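Trainee: I would like to go through this structure with you and ask, at each step, how a statement about it is justified.

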Amino acid sequence: MFATNKDSVIIQSMNKIESVKAHVNENRQIKDNYYLLELETEAPIPKMFPGAFVMLSFPGRLDPLLPRPMGLFQVLEESGKSCRFNIGYVVIGKGTRLMSELTKGNVLGCVGPLGNGWKMDLLNSAEKVILVAGGIGITPLYIPAMELAGKKDVTLLFGGAGANDLVFTDKFEKLGIDIKLYTEDGSQGSKGFVTKGLADEITDNSAILACGPEGMLRAVSDIALQKGIDPQLSFDKRMACGFGVCLGCNIAIKEEDGVYQRRVCKEGPVFFGGEVVW
Ligand SMILES: Cc1cc2nc3c(=O)[nH]c(=O)nc-3n(C[C@H](O)[C@H](O)[C@H](O)COP(=O)(O)OP(=O)(O)OC[C@H]3O[C@@H](n4cnc5c(N)ncnc54)[C@H](O)[C@@H]3O)c2cc1C
Ligand code: FES
C-alpha cells in the first residue's frame, strides 16, 4: 500500500518521537490533591520551551495504557546529558493517583517537549501582560511570569473553586508581580470567577495568556476580544498519543479559507481566542 502525503507527514513526525526514562527525584504533596513532581531524564531531550508539555507513561504497566499529558512548570537544569524539570499536578483519576504514589527512584516514560507553546515574541510590544489561571492551569504560566517579571507590568489573575485550589502562589509572589486571587466559595481572595476582574485589568496595549478549564478560556476570550485583545489560550484535551497521530484531541479552528479541525497536541495546545470555534 502506498502512503499518501498526509501519511508520510505522520510517519516523519513519528520518527522524531522518542521516549526517555525520567527518574523521580522528588514528589511532594503541596496541598490537598495537588503535587509537585521533580523529574530528571536519563538522556538528553530537545530544549524545553514555555508552554510545552510532556507525555508521561508508567513503564511495565498495562493499566493505565496511555500516557498522560502534563505541562512544563519549571526547568531546573538542562545539559547535554539530561533535563531536570518540575511538573505540578492535581489528582483526578487513575493516572494522576498513580503519579501521587511515586517516590524517589521510581521511573516514568517521558516523551517531549511537545506542542506549540506560548508565542513569547508577540509579548515584546505589549506594555502589560495579564496571566489568567484556573486551578492547575497556573503551572504553564510560571515560565512566562519569570521571563517577564521586572521587564513588563505583569498581573496574575488566579482562580479556583476554593482556597485549596490556589497552589504555588508563593513562587509567583517571589517574582514581585501583581497577583489577584479569586475563589468561587469566597474562602480566599475575592469571591467569584477569575474572569470577574479581567475587563478592568485590560489596557489598550495588553497581552493575555490563559490556562484553565475550557469554560474559563471561553470567558477570557469573550472579554478580551470585546476589548480588542486576542488572547493566547492553552487548551487541556484528553490525549492518547500527544504527537499528532491519533487525531483524538481536535478542536475547530477558523482559518482564512474555512474552519478546520486542528490537533491540540500538535498545532496547540496554545491557540488564539479569536480563531477558536467554541
Ligand atoms: C497539554 C496538557 C497539559 C496538561 N498539563 C497538566 C498539568 O500540568 N497538571 C495536571 O494536573 N494536569 C494537566 N493536564 C491534564 C491531565 O493530563 C489530566 O488530568 C490527566 O491526564 C488525567 O489522568 P487520570 O488518569 O488521572 O484521569 P482519568 O482516570 O483518565 O480521568 C478522570 C476524569 O477526568 C477527566 N479527564 C481526564 N483527562 C482530562 C483532560 N485532559 N481534560 C479534561 N478532563 C479530563 C475524565 O473524563 C474523567 O472524568 C494537562 C492536559 C493537557 C492536554
Ligand atoms: S493526542 Fe493524538 S493527535 Fe493529539
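Trainee: What makes the pairing of an oxygen atom of ligand 1 with the side chain of Arg68 a polar contact?

Mentor: In this predicted model, the oxygen atom of ligand 1 is 2.7 Å from an N or O atom in the side chain of Arg68; a polar contact is a pair of N or O atoms within 3.5 Å, so this pair counts as one. By that cut-off, two backbone pairs also qualify: a nitrogen atom of ligand 1 is 2.8 Å from a polar backbone atom of Gly71, and an oxygen atom of ligand 1 is 2.6 Å from a polar backbone atom of Gly95.

Trainee: How do you know how much of ligand 1 the protein buries?

Mentor: Taken alone, ligand 1 exposes 890 Å², and 75% of that is buried by the protein. The space that ligand 1 takes is the largest pocket.

Trainee: Which residues are closest to ligand 1, and which elements supply its shell?

Mentor: Ligand 1 is surrounded by 19 residues, the closest being Pro69, Gly95, Thr96, Asp236 and Arg238. At least two residues of the shell come from each of β4 (68–71), β6 (83–90) and α2 (94–100), and β4 gives the largest share, four residues. By residue type, the shell holds eight nonpolar, six polar and five charged residues.

Trainee: Why is ligand 1 said to lie between domain 1 and domain 2?

Mentor: Because domain 1 (5–113) and domain 2 (120–275) both give residues to the shell around ligand 1, it lies between them.

Trainee: What makes the peptide bond that joins Gly112 and Pro113 worth a remark?

Mentor: Most peptide bonds are trans. The bond between Gly112 and Pro113, however, is cis, with omega at about 0°, and Pro113 lies in strand β7 (residues 107–114). Another cis bond joins Gly268 and Pro269, where omega is about 10°; Pro269 is in the loop between β15 (258–263) and β16 (270–272).

Trainee: And what is the sign of phi at Asp32?

Mentor: Most residues other than glycine have a negative phi. Asp32, although it is not a glycine, has a positive phi of about 50°, and this residue is found in the loop between β1 (19–31) and β2 (34–41).

Note on methods. Residues are numbered from 1 along each chain as its sequence is written. Chains are lettered from A and ligands numbered from 1 in the order in which they are written. This is a predicted model: local features need pLDDT of at least 70, side-chain atom pairs count only at pLDDT 80 or more; totals for chains, interfaces and linings use all residues. Side-chain values use heavy atoms; hydrogens and water are left out. A residue is near a molecule or strand if one of its heavy atoms lies within 4 Å of it. A polar contact is a pair of N or O atoms within 3.5 Å; within protein, one must be able to donate a hydrogen and the other to accept it, and residues adjacent in sequence count only if both atoms are side-chain atoms. Accessible areas come from the Shrake-Rupley method with a 1.4 Å probe; for residues, only the protein chains shown count as cover. On a 1 Å grid over the protein atoms alone, a cavity is a set of points where a 1.4 Å probe fits but cannot get out, and a pocket is an open set with protein on both sides within 12 Å along at least five of seven lines; lining residues have an atom within 4 Å of a point. A molecule sits in a cavity or pocket if more than half of its atoms lie within 2 Å of its grid points. Ala, Val, Leu, Ile, Met, Phe, Trp, Tyr, Cys and Pro count as nonpolar, Asp, Glu, Lys and Arg as charged, and the others, Gly among them, as polar. Domain bounds come from an automatic or database domain assignment.
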